[in-house]
Number of protein chains: 2
Amino acid sequence: MSRRTAVAVAFVLACGSAAADEGMWLPAQLPEIADSLRAAGYQGDPAELADLTRAPLNAVVRVGGGTGAFVSPEGLVLTNHHVALGVVQYNSGEGRDLIETGYVAADRHAELPANPDYRVLVTTGFENVTGRVLAEAQGRTGRDYYDAVDRASKALVAECEAQGDVRCSVETLFHGRDFYRVTQLELRDIRLVYAPPRGIGNYGDEIDNFMWPRHSGDFTLLRAYVGPDGRPADPSADNVPYAPPSHLRLARDGLAEGDFAMLAGYPGITYRHRTAAEFDEQVNWRLPAQVEVLDALIATIEAAGAGNADARTRYASQLASLKNGSKRFTGELEGLLRSDAVRERAEDERGMLAAADGTDLAAIRALQASIAAASAQRERDLLVGYLGSQTQLLRAALTLERLRMESARPDAERERGYQARDHGLIEGQLRQVQRRYAPEVETALLRTLLTRYQRLPDAQRLPELDAAFGRTPEALDAVLARLYGGTALGTEAERLARFEAARAGRGMEPDPLLDLAAALTPALQRLEDARKAREGEQLRLRPAYMHALVAWRRQQGRAVYPDANRTLRVSYGRVESLAPRDAVRYAPLTRVEGIVEKNTGKAPFDAPQPLLDAIAARRFGDYVEPAIGSVPVNFLTNLDTTGGNSGSPVLNARGELVGLNFDSNWESVSASWKFDPRYKRAIHVDMRYMRWLMDEVYPAPHLLRELGVPAAR
Amino acid sequence: MSRRTAVAVAFVLACGSAAADEGMWLPAQLPEIADSLRAAGYQGDPAELADLTRAPLNAVVRVGGGTGAFVSPEGLVLTNHHVALGVVQYNSGEGRDLIETGYVAADRHAELPANPDYRVLVTTGFENVTGRVLAEAQGRTGRDYYDAVDRASKALVAECEAQGDVRCSVETLFHGRDFYRVTQLELRDIRLVYAPPRGIGNYGDEIDNFMWPRHSGDFTLLRAYVGPDGRPADPSADNVPYAPPSHLRLARDGLAEGDFAMLAGYPGITYRHRTAAEFDEQVNWRLPAQVEVLDALIATIEAAGAGNADARTRYASQLASLKNGSKRFTGELEGLLRSDAVRERAEDERGMLAAADGTDLAAIRALQASIAAASAQRERDLLVGYLGSQTQLLRAALTLERLRMESARPDAERERGYQARDHGLIEGQLRQVQRRYAPEVETALLRTLLTRYQRLPDAQRLPELDAAFGRTPEALDAVLARLYGGTALGTEAERLARFEAARAGRGMEPDPLLDLAAALTPALQRLEDARKAREGEQLRLRPAYMHALVAWRRQQGRAVYPDANRTLRVSYGRVESLAPRDAVRYAPLTRVEGIVEKNTGKAPFDAPQPLLDAIAARRFGDYVEPAIGSVPVNFLTNLDTTGGNSGSPVLNARGELVGLNFDSNWESVSASWKFDPRYKRAIHVDMRYMRWLMDEVYPAPHLLRELGVPAAR
């Protein structure tokens, strides 16, 4: 494996500070926006940030579903408490609840193993493979284009992973314009070093989630181990701490309002470069439609669960998830309306199209036609999607039927999710059904979805679904009564017996729900085929849109960053207060006294007594921020983040570690589509709070020394 | 009736500004705290505020359950929308919903009648009657003291009301130290002149209740009419507008942060001069105990209502009221804990007792003993109180039995609430039962209360209750099954038939619940007798406590205002922002743009289109406050208010009308016990918002002219 990969990225020049606070920049773009970066206050050399495989950015790693960073030469990894929660949970059990109590490893021997599938991924390669990915796709369209890109990507991944110890992927930037192969060293012996108690690490829990002001110590320290040869290894007592290629240094002091801040991490997915039509559809149809259906499903579960405590228990998790979804979609909708995103995007696109050249224009018109065509069946696609995701027994039947079909082919040709390596996951899901299913609730959910489906115009309905479920609510009721009265899939042993047959590609013992699944599958496969064809076509056409957009932004003097896609990005800005509503202003730093204010003694506002005692006695040591007269807990910046940025290190103007990103404010839920500088904020743990806890409250002087900062004891 | 009553109030001298922002001062106290008032910014002569029967304070009147003020020489009264809501509702009905649309009377003929029992009360006398009230009580104790005060007060009221057209009452200040007879002219022809639509007057409704920032146009204009002879008269077309003895003048400009403000009104009840033991009991027992019982009752109704839609409907109102109670008690508890009220009061009282003289001390010890004695049965008294207030059928049975007993005596000797003039109210309540009762919920509520009762120690239980309900949950279940299986009181006709008998003092048709009521009544009457004896004793003893407290405050250089008791009070302070929690700061003025931010188009956030249009077009005329660059909607002061202050006029340093009080912030729910200057704020309608609405949005130029302010049209 090569530690160094030639990175040749030619993006667009940056001019001025037009979009200084917005942007999930690729490291390679930073030299181009060096003036803006320096004007914002960065004191280092932007060129040093250009290569994500060199220091300091190669200290920033993927951990769990989020981000982390090496913070010592001996493999200490700092990430969020909520990102490492599974590790803490894995070490809890009968008589030992480390989530509740927290954990401080007294020495290396006391460091506890992570769950076996937990990984730290160190990015070691980021290689432009656009030519190879598109070589075969050129001249093709639609599904053929999709398949060609898919084949080339799989080949690139297989070739890369053949070297061993690495996980590889091919990612597109600018929606089909550029393709990069990402190589990540896969460290698989990870151990728990320091976790605060739940009453600190998750103080406020769901109630404070998305909220500011915040008072959470959402951090945990892990350590990566490798074999004695320095290469990734399975967990073993013989392993030694990993020596990372670089690590971040903790700042001695912290930030106050207005100070420069930057952040690096692996943001998930954003939609900021979508077309005006897609913005319009998101705001004026998709979000309201999703909220409507989710709220109907919520009401269905609540009605079916009233007077049925057993059903309420079984559906508690699904209900919570539906409510969370409805709340998030509502927040996104509110935010996009507040920011007037549809109108602004439409005006912006009009300007872009007026300036675009003829070749781009032709492709853009084709792209717009493809998007419009997909919209013709959007109501149906939404409802059919929920048929699978919001049911238990029907989903099990559909999975079994698809597994049976795929298993008839050679493993490599099977659809992702149905290969041999996926069997464990499928079996686990089939076992889970038992705890989350009640027939009267599932039929009620299906009635909610399918009566809506029945009301769709003819052009959107599918013959197989009409035949299976009937055309009227009365017919549907009879079908559901027959299906759920007759199915044996409600019994775990019956499901697992059929799973054994299906994974072997054999026919399964008959069942009314499996008959239904067999009848529906051709229709569902047609939808899947159409989706892939559409994705292929849009992958082919969007580069023209991006080309026109980049040219248009150049005219405006603005650089363009690609939409986030889980690749390493850098954002910069400053510590900034928030005025979210008329007459409301939130200060950008919270104080430990705010913990006491919120403390009720009951979860999630039950701060541990040692913390309350230290605050009451003002045993603050050297950790006081003069501007607020206390130890800062969390702080707010205008940095550009989204899901996946959890655990991102926040650096000061000298590149030193001052904070740990862990959340955003409620007003910025819509930032996945539009960054509105008035409302978009990121929420971080102040490193002074972490250091104070480690020095004064749950002391770990040996770790502070390893982190290179003073310890009072 | 004399318009002028000699007011001889000798309170305590005021020194300096120690408590400049706290205080519900009697007008007569204002000359004594003149220095503080001037230091705070008042530009008028404090002596002019000393007599509440002269201008400007005689412009401040009681309206409905709140406060209002005359604002024109022709009887225009300004009060809150929520205080006048009944009047607007009275004029709505089939095809006309004035609550929804608002109302602007084009001229005097278009002014609409108020409901017949609606009154405006103008205070015309405030007379010290301490000597007469206590003449007969001297030398007595306990129940005899109570009865003597009660008899003397009734005689003073009867003598006063004999003159006609007035409503009189005797009120005690300083808890039994001073007694005043209040004489109020009773205006009974009140008409609706101007009300904004619900989407303005009640914008935000329950969601925004107690909240800041606020955006409510909570005002309404009424007009008082009198007979052609100038005396109060029943509604009649011959009546003429009342010429008030004085009226408030609207300011041309408004206030900004830091400006002086004062307010006059009729605050309800406060407990600030209660003893340390009473503070302790309130925080450490009563509020938590009330929350515990209310939450148990809430859970009981919710459990009984699950799967029973009919029961849910019947108990929706009781449930809402219980939740509101629990929320308020919780807020009060939080506030008192946040302010460390118990410790502060205890330290303060210790200092006071150390400085008190021997005579006072003896009485204070006796007072403390009386308070402690009452506490011995507090758990029982709380539960027994809820037995009556939280049931429907049991309450009806207790009422009927008591009515039967009282009706056997001459009307004048009957207990208040059971006299002939109360029969209409009782009948109405007996009819209401039907809509709010389900036997399975009432028995569940009784089970919740009575199983708690059964667990009380022997000393707290009552033989009659033990005999009636048994000593175990099993026995109780059997009793409840028999009672509610056998009672006929669930039928309206059966209740009303017994009402006819009871009001005539006759025996009623037998019923298991009436038998129960007859069995319980002797115990309940013993509790009532004990309460009156205790109240008499405390009325006798508290003046010594007040005497010691006033002397102690004098040592501290502070004046003492009496606890609020619905008499006219004045508070002064300034426009002030609020920092209720760590990192949160609320500005003291809201802007009309905030209405648009909150607007969802759905009640309670559905601002009317004409308002939204005027804001969008910034048709702001001369109503912009430069400090916020917009029309102010509501503003925040540190004025000292409580329930009953709704509709209080807010005046500037020159005594001109700048605001209309309508609410407090959530953090100040506990101010009935303790004024904490960090958190206590009052919320007012800015008169510029009212004038702008009347000028630009729902124009009433003729009314603006009557109010003496410019009108653009």
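Two strands pair if DSSP finds at least two bridges between them, and with that in mind you can begin the tour of this predicted model at the place where its two chains come together.

Select strand S15 of chain A, which covers residues 584–586, together with strand S15 of chain B, residues 584–586. These strands pair in the antiparallel sense, and three bridges join them. To look at one of these bridges, pick Val584(A) and follow it across to S15(B), where its bridge partner is Tyr586(B).

Now widen the selection to the whole interface, where 16 residues of chain A are in contact with 16 residues of chain B. The area buried between chain A and chain B is about 1,300 Å², and carbon and sulfur atoms give 50% of it. Colour Asp582(A), Ala583(A) and Glu597(A) next, since these residues supply 45% of the area that chain A buries against chain B, more than any other three residues.

Turn then to the charged side chains, and select Arg591(A) with Asp582(B), whose side chains meet in a salt bridge at 3.1 Å, N to O. The count between the chains is two salt bridges, while nine residue pairs are found in polar contact across the interface, both residues of each pair being at pLDDT 80 or more.

Finally, show the side of chain A that touches chain B, to which strand S15 (584–586), strand S16 (589–591) and helix H21 (593–598) each give two or more residues. If you colour this side by class, you will find seven nonpolar, four polar and five charged residues.

How values were computed: Residues numbered from 1 in each chain as written. Chains lettered and ligands numbered in written order. Predicted model: local features only at pLDDT ≥ 70, side-chain atom pairs only at ≥ 80, totals over all residues. Heavy atoms only, no water. Contact = heavy atoms within 4.5 Å. Buried area = accessible area lost by both parts, 1.4 Å probe. Salt bridge = Lys/Arg side-chain N within 4 Å of Asp/Glu carboxyl O. Polar contact = N/O pair within 3.5 Å; in protein donor to acceptor, adjacent residues only side chain to side chain. Helix = DSSP H or I, 4+ residues; strand = E, 2+ residues; numbered from the N terminus. Nonpolar A, V, L, I, M, F, W, Y, C, P; charged D, E, K, R; others polar.
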